[in-house]
Structures are given as structure tokens and as C-alpha cells.
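Hi there,

Here is the structure I promised to pass along. Have a look at it first, and then read my notes below.

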Amino acid sequence: MMKKFRIVFPFFILAVTGLMPLLAWEKFDRVLAVVNNRPIIESEVNKRLEQHRAIKDIPRAKLAYEKSRIIDNLIENELIFETAEKESIEISDRRVINQLNDAMTMFFKKTEDDNKKVAETVVRVSKNLEKLMGDRFNPDIKIDSDLKKFMAFVEKKEKTDFFSFFDQMKVGIARQQIMSIAIGANPPSSEDARKWYNKNREKLGFEVHVKHILIVPKGNSLADEKEANDKLEGIRQKVLAGESFEKLAAKHSQDTGSAQNGGDIGWQMLGQLDPYFANNVFQMSKKGQISKVFKSGFGYHIVKYIDRRAVTYEKVEELIMWKLHSENMAVQFEKWLDKRKNEASIEIYMEDYVEKK
């Protein structure tokens with residue numbers, strides 16, 4: 001059972017410097033909690049709190065609550081890492097960075113077409129990130145400009161500070177391996193997945209069958225954007241005048257995968273499509289309808305609507321199996337974590353610690 005204690009005296013240490021005749025008193029970093037003899041120190045908690053405050057506004061009245069939740073999170077992390085050590089699970093910064101490499105590659109491809117240059121940038125940024133994580137609490141450390149851009153992108157996307165995101169990735173790696181090694185859970189059966197589908201099929205929405213023509217701007221300037229838009233509008237007018245959408249797609253579309261099939265991308269779930277693309281397709285309902293020119297994350301499109309239907313079981317079977325298995329594993333993990341908390345020696349020394357309701 002987690003116990004809470006109050007500290008009623010300050011921590012100090014004596015610092016002796018060289019042959020100085022006088023002793024200097026230097027304040028010691030306070031311990032806010034101890035997990036199986038592993039300390040959680042105030043400076044680390046405060047640093048994480050400042051990182052949170054850099055992303056979201058936290059009222060002064062809520063600071064103790066937020067600080068308490070950081071301590072809770074660090075306690076759980078310590079229990080996970082302790083188990084990972086016992087199971088010889090390696091959770092290095094490099095391992096996390098390797099998992100981020102694909103995301104870095106996609107991010108830098110948005111502004112650089114040369115794959116070789118993108119690869120070189122990712123290697124450089126990865127090395128800088130590893131150095132940063134090794135000295136993360138040094139206020140004077142210099143951060144590479146490209147790394148700063150990637151960190152800002154992650155913070156905006158994940159709605160949290162980058163360091164917390166990085167730490168959660170590390171915990172996630174340990175958690176996944178602990179679940180498979182120390183916990184284990186039987187995967188769901190096909191019958192379980194089918195039952196879930198029959199019960200929730202109306203919530204799954206539908207899949208659409210469309211054809212499209214894609215034109216990608218040559219560069220990032222407004223002139224390049226306008227040129228792509230105007231070219232596609234010209235193609236659209238030809239379709240509306242009676243020319244074959246499929247032949248024009250084969251001739252002009254820059255989606256090489258579908259162009260040879262007349263722009264046909266087959267049956268697709270809306271959730272599998274680019275959000276902007278999906279939003280425009282969602283508004284279409286008449287067979288043979290031609291959309292206006294619109295922009296997605298890939299470029300400019302016009303779409304020919306073919307049909308829609310309820311999502312088939314075969315289309316989502318793997319997703320349902322994964323969902324049921326993940327939920328089961330999550331439940332088992334929480335039970336395991338509660339058991340570890342009850343077995344562990346956990347002491348909290350933060351005077352204004354707020355219990356989680």
C-alpha cells in the first residue's frame with residue numbers, strides 16, 4: 001500500500017572545498033518519493049513540471065495536483081524499469097530514437113525532395129537527439145535547428161512536451177515487452193472478433209469506392225500551388241465536358257499506383273485516407289459525381305465518386321483482433337501494476353501531495 005509521509009525538516013549537506021578553512025552549507029536536492037530505495041528528486045519533478053507548463057497553461061491552484069501526477073507517473077515508471085532490469089530488457093535512448101527515425105524521415109521529406117539529403121538529415125538529427133537526451137536538463141545545451149523543428153512538430157501533434165513524449169515512448173517499449181514476457185495474455189479468437197463486429201458494425205461506418213486524379217505542386221511557392229490547382233481545374237472542366245475521367249487520370253495523374261487503373265483506388269475506409277481527402281469524399285453521395293478541386297497532404301485532387309457500402313468484416317478483422325488483444329493486455333497490465341505497487345515499498349514525502357481521485 002502506498003504510504004504518504006510529511007517531511008518536517010530540511011535536507012542539507014556539508015560541502016568542503018579544497019583547503020578552505022570554513023565550511024560552506026549547500027542545500028541538497030530534496031527527495032519527494034522513494035520507490036524500493038530508488039529516489040525521485042525534486043529537481044527532476046520540477047523540470048518535468050516546467051516542460052508541461054511550456055505546452056499548456058496550468059493555474060497556480062493546480063500546480064500541486066500536476067506535480068503529484070508527475071510523481072505518480074515517475075513511480076510507475078520506476079516499477080516498470082525495475083522489472084525491465086530484472087528481465088534484462090534494454091531500454092536505451094538509442095532504441096527510442098531508432099523508432100523515431102521513420103517519423104523523422106516523413107517529416108523532413110515535406111521540405112526536401114532529395115532522399116539522400118533527407119537520410120543525411122535524419123542521421124544528423126538522430127545523433128543530436130541522442131546527445132540532447134543524455135544532457136537534457138542542462139539549460140545551456142544547444143539544440144540543432146532541424147531537431148528543434150522536429151520537436152515542435154511532435155509537441156503540436158502529441159499535445160505534450162517532447163521530453164515527456166520521449167519518456168513515454170521509452171516506458172511504452174518496456175511496457176510492451178513486460179506484457180509479453182512477465183504478464184502474457186491469450187489472443188482473441190476469430191469468434192470473439194466476429195461477435196465484436198456484429199455488435200459494433202454500425203459504429204464502423206462505411207467504405208467508399210472512388211477514383212481520383214492527383215497533381216503535386218512542383219515546389220512550395222504560391223505560384224507552384226496555383227499552377228497545380230489551375231492545371232487540375234482545366235482537367236476537371238474537360239471531364240465535365242464529357243471527356244473520360246479514366247483516360248485523363250491515366251494521362252495526367254501523378255499517383256502512379258492508381259493512374260494506370262484510371263485513377264481507381266478501390267474500396268477504402270475513410271479512416272485509412274488522408275483526412276482532407278476523406279472529408280471531401282464523405283460529402284459525396286451521387287454515383288458518378290465529380291468533386292471540385294481540393295488539396296490534401298499529398299497535393300491537389302479531383303475525385304469521381306463510384307459507391308459506398310458498410311465496412312465488411314474481412315476489411316477490419318485484423319484491426320478488431322488487434323483492438324481486443326490490446327485492450328486485454330492493457331487490463332492485465334493495470335492489474336500487474338497495481339500488484340507491483342502493493343508489493344513495493346513506496347513513500348511520498350511531498351508535503352502538498354494531492355491524492356488522485
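What follows is a short tour of two strand pairings and one helix pair.

Please keep in mind that this is a predicted model.

Let's start with strand 4, which spans residues 31-35. Strand 4 is mostly covered, with five of its five residues buried. It pairs with strand 5 (residues 38-41) in an antiparallel arrangement, joined by four bridges. If you want a spot to click on, Val35 has Arg38 in strand 5 as its bridge partner. Two residues lie between the strands of this hairpin, and Asn36 there takes a positive phi near 50°.

Strand 4 also pairs with strand 10 (residues 346-348), again in the antiparallel sense, over three bridges. Here Val34 has Glu347 in strand 10 as its bridge partner.

Now for the helices. How do helix 3 and helix 4 pack? Helix 3 (residues 93-109) packs against helix 4 (residues 115-134) at an angle of about 140°, and their axes are 9 Å apart. Because of that angle, helix 3 counts as oblique to helix 4; the cut-off for roughly antiparallel is over 145 degrees. The crossing of helix 3 past helix 4 is right-handed.

The residues in this contact divide into nine nonpolar, six polar and five charged. On the helix 3 side they include Ile97, Leu100, Met104 and Phe108. Among those they meet in helix 4 are Val118, Val122, Val125, Leu129 and Met133. Charged residues also take part, including Asp93 and Arg94 in helix 3 and Lys127 and Glu130 in helix 4.

Happy browsing, and best wishes!

How values were computed: Residues are numbered from 1 along each chain as its sequence is written. This is a predicted model: local features need pLDDT of at least 70, side-chain atom pairs count only at pLDDT 80 or more; totals for chains, interfaces and linings use all residues. Side-chain values use heavy atoms; hydrogens and water are left out. Buried means under 20% relative accessible area, exposed over 50%, partly exposed in between (1.4 Å probe, protein chains only). Two strands pair if DSSP finds at least two bridges between them. Axes are lines fitted to C-alpha atoms, for helices over the stretch in contact, and angles run from 0 to 180 degrees between N-to-C directions. Angles under 35 degrees count as roughly parallel, over 145 as roughly antiparallel, 65 to 115 as roughly perpendicular and the rest as oblique. A crossing is left-handed if the near helix is turned anticlockwise from the far one by less than a right angle, and right-handed if clockwise. Contact means heavy atoms within 4.5 Å.
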